[in-house]
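Hello,

Here is the structure I promised to pass on to you. My notes on it follow below.

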Amino acid sequence: MAETSQLVQHIESFVDTSRSPTQQAASLDAVASLLKNNLLTMEKLVREMEGYLTTTDDVIRARGILLLGEVLGHLASKPLDAAAVHSLIGFFTERLADWRALRGAVIGCLALLRRKSNVGMVSGSDAKAVAESYIQNLQVQSLGQYDRKLCFELLECLLERYPTAIASLGDDLIYGICEAVDGEKDPYCLMLTFHIIEILPRLFPDPSGPLASFANDLFDILGCYFPIHFTHPKGTDVSIKRDDLARALMLAFSSTPLYEPFAIPLLLEKLSSSLQSAKVDSLRYLSECVVKYGVDRMAEHGDAIWSSLKDAVFTSADSVLSFTPESIEAQGLPENEIAVEALSVLQKLIVQNTSLFLDLIVADSDINLIFNTISSYKSYHEIPSQSKQRLHAVGHILSISTKASTASCNRIFECFFSQLMDILGLSSRHSSANPCPDENMMIMKKCNHGALYLTIELLSACRDLIASSETIIAASAHIEEKWSYMLQSFSPSLMKAFCSASIPTGQDTHDAEKYFGVKGLLILSTFPGGYLLISKTVFEKILVTFVSVVTENYSNMLLWKLALKALVQIGSFIERCHEAEREPSYMDIVVEKIVALSSLADSSMPFPLRLEALSDIGRSGQNYMLKVIQGLEEAIYANLLEVHGSSNSAEILTQLLKCFSDKGVLDVMMNAMKLAVASCSEENQNIIVQKSYSILSSSTSLLLKELFQQERFEIVEEVFNNSSARDEWIFSLFASEVIAVHPQTHIPNIRQILYLFLITLLKGNVVAAQALGSLFNKLGLKPAGEQTSSDCTLDEAMDIILKMSLWIFNGKSSSDIQAISNGTINLASAAGSCTSLQIRAIVGLAWVGKGLLMRGHEKVKDITMIFLRCLELNGGALEEGALENNYKLDLHQTVMKSAADAFQILMSDSEACLNREFHAVIRPLYKQRFFSTMMPILQSMIMKSEPLSRNLLLRAAAHIIIDTPLIVVLTDAKKMIPMLLDGLSALNNDTVNKDVIYGLLLVLSGALTDKNGQEAVSDNAHTIVDCLIELIQYPHMMVVRETAIQCLVAISGLSHARIYPMRTKVLRAIIKALDDPKRAVRQEAVRCRQAW
């Protein structure tokens, strides 16, 4: 057992308030450890602490009780007998009346109440005694934040773990809870109070029980928090977010139907708020309450709820529809969050009480007004903007009502579908009356676009309702429904109407007309259930119409793309839903016809469009792709046989072969090669590289071995200029292997491979540059194995690179180059002044520099100094230049920009090469060291530079700042923030800098939220605000505007004295952003205006 003196020493250390928190925590751990290891019993501990627990000294007594409570918290899994638990909980229950020692008493109660039954649990009677003492003695709202939090945790624990025992307290318990939570403001405590009120109805489920008399009081407490407006100080560390609080409050709102008389009116009132967040929260809470409050209670508010939801949808629906090919497969939901939430609530209400809410919808005067007025406008573009918004709102309401259930679908079709058919002038095929003799004539004319839009919404919702059935057999159960009968009756007429709309009849055909026609046909053709709902005749006529557009109307590009997209969607639907009945029709009408385009010599359709159609149709299903590939093969063979006698066959053959020689195919193969080689062992990589090199060097067009042995590199270049596509593929695949190998893998004839990579990168091959960078990253200072004439060290390789750079940027003649480089590259005497050659050289040097930088090699300094030399507009020498001679450069601006962008290659992470997956040598903290080395140099050069050179130097610095870890940038924030702001101001006028601007903004936003950057941000607040205000109107990139506004919101958290003088200027600028064409920007602008 533990010595008494040692135990007393630990107790004294904890009780002594002069000891540091670390010492006190160590003493607590020591006492807990003695108990856990059975070196001390609980009985002995309490006996030794008796004086501390009962002394009249308030401080010592409080510390003693706290020690005992904290110790019990450490012993949650240690068994205690029932007598010990009873005695301890009784002691802490009494101590709840001792306000000076309250914290320890609450902690002790919590520790005991949380214990599980297998280690000794508090009895129900003892838990009830704790609750009684809590209600009688605790004035929670008079305590500090931490103590209030503990009190709420204790109350939560009692409600969750001992509900039966404390429910007997009845009114006293509920009143005590009301008193404890009323007026709480701390976010952590509010999360607990909301949860406590959520739990409470579980203890009193009887609607006429004790909770009923307190429902008004409890909701008064909850209601004052709605909607959540979280204004916690931004300088504090708060893990709780507004959404967490809002959800907790929502669960409390919906916890019992007893809150219905108070909650529903409040939520409907807040729906008229000018704050979007309040409207969204109201709708989300209403959605939750609909389910929890029940049919009868919600029916009492039916009229008011419908009116509010309708207004929300009518005022928030989109006024403009998208008619792009991409949107044809979209669900058609509104973009506005308020409209989406309102429709979600409406759907739940219809499911819950179909009769009531459909009666309200059918009888609604606003909806009927739309039906009465749409016939006034034949064309969609004639409809005024406000009327379009209301039309779209009605479409969304009818769509969501149709989807709710089969019964609602029947009612909507009965009440509205027949009206739409009348407006469109369509008749049923089962109509007992004589069909209208002028129906075909009416269909040939323009259909009413408003009615077409609403019809499409109903059909789409109906299709989605069937699609929710798990099987076709389940879908067939809908056949007997009223809507099913109406759909079958009108489908032939609808098909004709949609065909008429989709096919342009003159110059006045608008995009909406084509879009509605194609989408209507698409929806009809993708009803599940085989031919149960849509007949085979109708389905095949739709396919024929689309194929006709694709093969004949290719001059109308929007219609062509819409029709092709629709065919792809139909094919995917057949494949996905296993529509076996429809697959033969699709294969015969669509796939066969599209495949035939590949071999038609007399077709006037442009070949790129033919290939696009083939590719898209093939991607819609595996069987279709096989058919497309077979068709392409047959077309190639057929045209090969006729190529000598027909120029048309030769042209077709050329176009078809391009399908198989496309650069995209090579890119995929190179990536596959890299991944395959990277996964091999070093031994297998040696075999692969040796075999690949032998193929490369024995190529008929690349007689590398013999030429390299003679070091006749000018012939190598000439041969490479005349190389075939096959040779280029071989080289690219070999370069991919070099990128992916281990550093220890042997690469033969490195010097010759180096020259080959140099020649190729100067011809514009980026893969060669990446392979060169990988070579320098993994190349040893001395070659492994026996030294041969073809091997070279890293230092020798660097000499070749630097001498090549001297020639490229100094414009030496061909003979001078050979003298300098001892037989390197002889391209052309005028090549040194070639802008494109210089740009390619910079890209190659950048990848070489990246390889050196990542391995931490000092030669990277020579590479970076070349780039800096290019950025000096006046050609002045650097203080410590990388090149031996301080010559002046006369470079084109595009070359200087490439030099600036080289720093992005140096610093950014690459997925293509030089990463861990491809076994790159990576020295820790290499970015940090480069940042620390280069930024002082760049700062000095920027201060002395001319305007053009200054912008490019700022671009180079921006690349370094963006790709350096934020914590490193902010260690010198006072210098970096001004440079960052200079970059934002100088670069925002040119669209080519938009990605750099966005990157710098992200760094700035990080500085605004990081403690290390706060001081520098505060010092430069005025400049930052001016810069951000300018970027609010940035036209070239939406996320720049959005992020700039978010940064302004963050700045609003600075001290009042610092930001108040800028308030008017910010508010004036943010007003313009409220009219931004992008919704995300407008939302951020609203937040910003509220924050300022």
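A residue is called buried when its relative accessible area is under 20%, exposed when that area is over 50%, and partly exposed in between (1.4 Å probe, protein chains only). This is a predicted model, in which local features need pLDDT of at least 70 and side-chain atom pairs count only at pLDDT 80 or more, while totals for chains, interfaces and linings use all residues. Residues are numbered from 1 along each chain as its sequence is written, and side-chain values use heavy atoms, with hydrogens and water left out.

Helix α30 covers residues 583-596 (helices, H or I, of at least four residues are DSSP runs, numbered from the N terminus). Its buried residues are S585, Y586, M587, I589, V590, V591, I594 and V595.

Y586 also appears in the largest nonpolar core (buried Ala, Val, Leu, Ile, Met, Phe, Trp, Tyr and Cys residues joined through side-chain atoms within 4.5 Å). Of the 222 residues there, L45, L159, F253, I361 and Y586 touch the most other members. Helix α29, residues 557-576, gives the most to this core, with 12 residues. Another core, of 140 residues, lies apart from it and includes A771, L1008, A1021 and I1024.

What about disulfides, meaning pairs of cysteine sulfur atoms within 2.5 Å? The count comes to 0. For C151, the closest cysteine sulfur is in C189, 9.0 Å away, which is too far for a bond. C151 is buried, at a relative accessible area of 0%, whereas C577 is partly exposed, at 29%.

Best wishes

Methods:
Helices (H or I, at least four residues) and strands (E, at least two) are DSSP runs, numbered from the N terminus. The expected span of a helix is 1.5 Å times one less than its number of residues. A disulfide is a pair of cysteine sulfur atoms within 2.5 Å.
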